[in-house]
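Work through the exercises below with the sequence and the 3D view open. Try each task before you read its solution.

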Amino acid sequence: MAAGIGNPVGYTPVLDGGVPRIIGGLAGTNLSGGTYVYASGGVDNVSSGLGTYTTNDIIWLGDASGILYTGVLIQDTGSNTYGAVATRGAVISLADGTVTAGQLVTIRGGNAVANAAGSFHAFNFPIARALTSAGSETFAIVQLGL
């Protein structure tokens with residue numbers, strides 16, 4: 001569906017601890033399942049009361065980074081249609097460089113993860129912890145939501 005999906009199989013959950021923590025929203029563009037996404041920075045989408053909240057108040061965008069990150073899109077979602085995002089659980093993710101089990105990981109280009117080492121900044125902010133190790137361009141299990 002969309003380019004740069006990371007895991008070509010899409011969203012591949014390994015476990016969710018019985019509490020998947022799913023958030024619904026509206027896709028801002030065509031997005032593939034398994035894509036790391038973030039919530040749009042649109043202004044004034046929500047009022048002060050729950051009575052006016054709708055699922056399309058949250059808009060999902062792809063190409064998440066360490067700092068602009070909400071979770072992993074569960075299914076292929078067309079532009080302007082509803083999609084669900086997992087914010088917790090463990091998923092299989094493409095590795096960009098060596099990923100080490102136990103290490104914090106961040107998002108790199110192409111929806112892949114890499115070890116988050118050294119000082120943290122916008123492009124090196126941890127989003128998960130690796131549960132398995134992986135070489136570059138192979139796959140690791142990562143636990144979302146530190």
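## Exercise 1: The open sheet

Six strands form an open sheet in the order 1-7-11-10-8-9, and the pairing is antiparallel. Strands are DSSP runs of E with at least two residues, and helices are runs of H or I with at least four; both are numbered from the N terminus. Two strands pair if DSSP finds at least two bridges between them. The model is predicted: local features need pLDDT of at least 70, side-chain atom pairs count only at pLDDT 80 or more, and totals for chains, interfaces and linings use all residues. Residues are numbered from 1 along each chain as its sequence is written, and side-chain values use heavy atoms, with hydrogens and water left out.

**Task.** Find which strands stand at the edges of this sheet, then trace the pairings of strand 11.

**Solution.**

1. Start at the edges. Strand 1 (13-15) and strand 9 (112-115) each have a single partner strand, so one side of each is left without a neighbour in the sheet.
2. Check the angle. Neighbouring strands of this sheet are turned by 45° against each other on average, direction ignored. Here axes are lines fitted to C-alpha atoms, for helices over the stretch in contact, and angles run from 0 to 180 degrees between N-to-C directions.
3. Move to strand 11. Strand 7 runs antiparallel to strand 11, and six bridges join them. Gly89 has Leu144 in strand 11 as its bridge partner. Ala90 stands opposite Gln143 in strand 11.
4. Now take strand 10. Strand 10 pairs with strand 11 in the antiparallel sense over three bridges. Arg129 has Gln143 as its bridge partner in strand 11.
5. Look at the two faces of strand 11. Ala140, Val142 and Leu144 make the covered face. Phe139, Ile141 and Gln143 make the uncovered one.

## Exercise 2: The barrel

**Task.** State in what order five strands close into a barrel, and describe how strand 5 and strand 6 pair.

**Solution.**

1. Give the order. The five strands close in the order 2-4-3-5-6, with mixed pairing.
2. Add the angle. Neighbouring strands of this sheet are turned by 55° against each other on average, direction ignored.
3. Zoom in on one pair. Strand 5 (residues 71-73) and strand 6 (residues 82-86) are antiparallel and share two bridges. Val72 stands opposite Ala86 in strand 6.
4. Step back to the chain. The protein chain has eleven strands and zero helices.

## Exercise 3: The salt bridge

**Task.** Find which side chains meet in a salt bridge, and decide whether each residue is buried or exposed.

**Solution.**

1. Count first. A search of the whole structure finds one salt bridge (a side-chain nitrogen of Lys or Arg within 4 Å of a carboxyl oxygen of Asp or Glu).
2. Name the pair. The side chains are those of Asp96 and Arg108, at 4.0 Å, N to O.
3. Place the pair. Asp96 is in the loop between strand 7 and strand 8 (104-108), Arg108 is in strand 8, and they are twelve residues apart.
4. Fix the cut-offs. Buried means under 20% relative accessible area, exposed over 50%, and partly exposed in between (1.4 Å probe, protein chains only).
5. Apply them. Asp96 has 25% relative accessibility, so Asp96 counts as partly exposed. Arg108 has 37%, so Arg108 counts as partly exposed too.
6. Set this against the chain. Buried residues make up 40% of the 146 residues.

## Exercise 4: Far in sequence

**Task.** Say how many residues separate Ser136 from Asp96 along the chain, and Gly18 from Gly89 in sequence.

**Solution.**

1. Locate Ser136. Ser136 is in the loop between strand 10 (128-130) and strand 11 (139-144). Its relative accessibility is 40%, so Ser136 is partly exposed.
2. Compare the distances. Ser136 and Asp96 are 40 residues apart along the chain, and their C-alpha atoms are separated by 5.0 Å.
3. Turn to Gly18. Gly18 is in the loop between strand 1 and strand 2 (22-27). Gly18 is exposed, because its relative accessible area is 62%.
4. Finish with Gly89. Gly18 and Gly89 are 71 residues apart in sequence and 8.8 Å apart in space, C-alpha to C-alpha.
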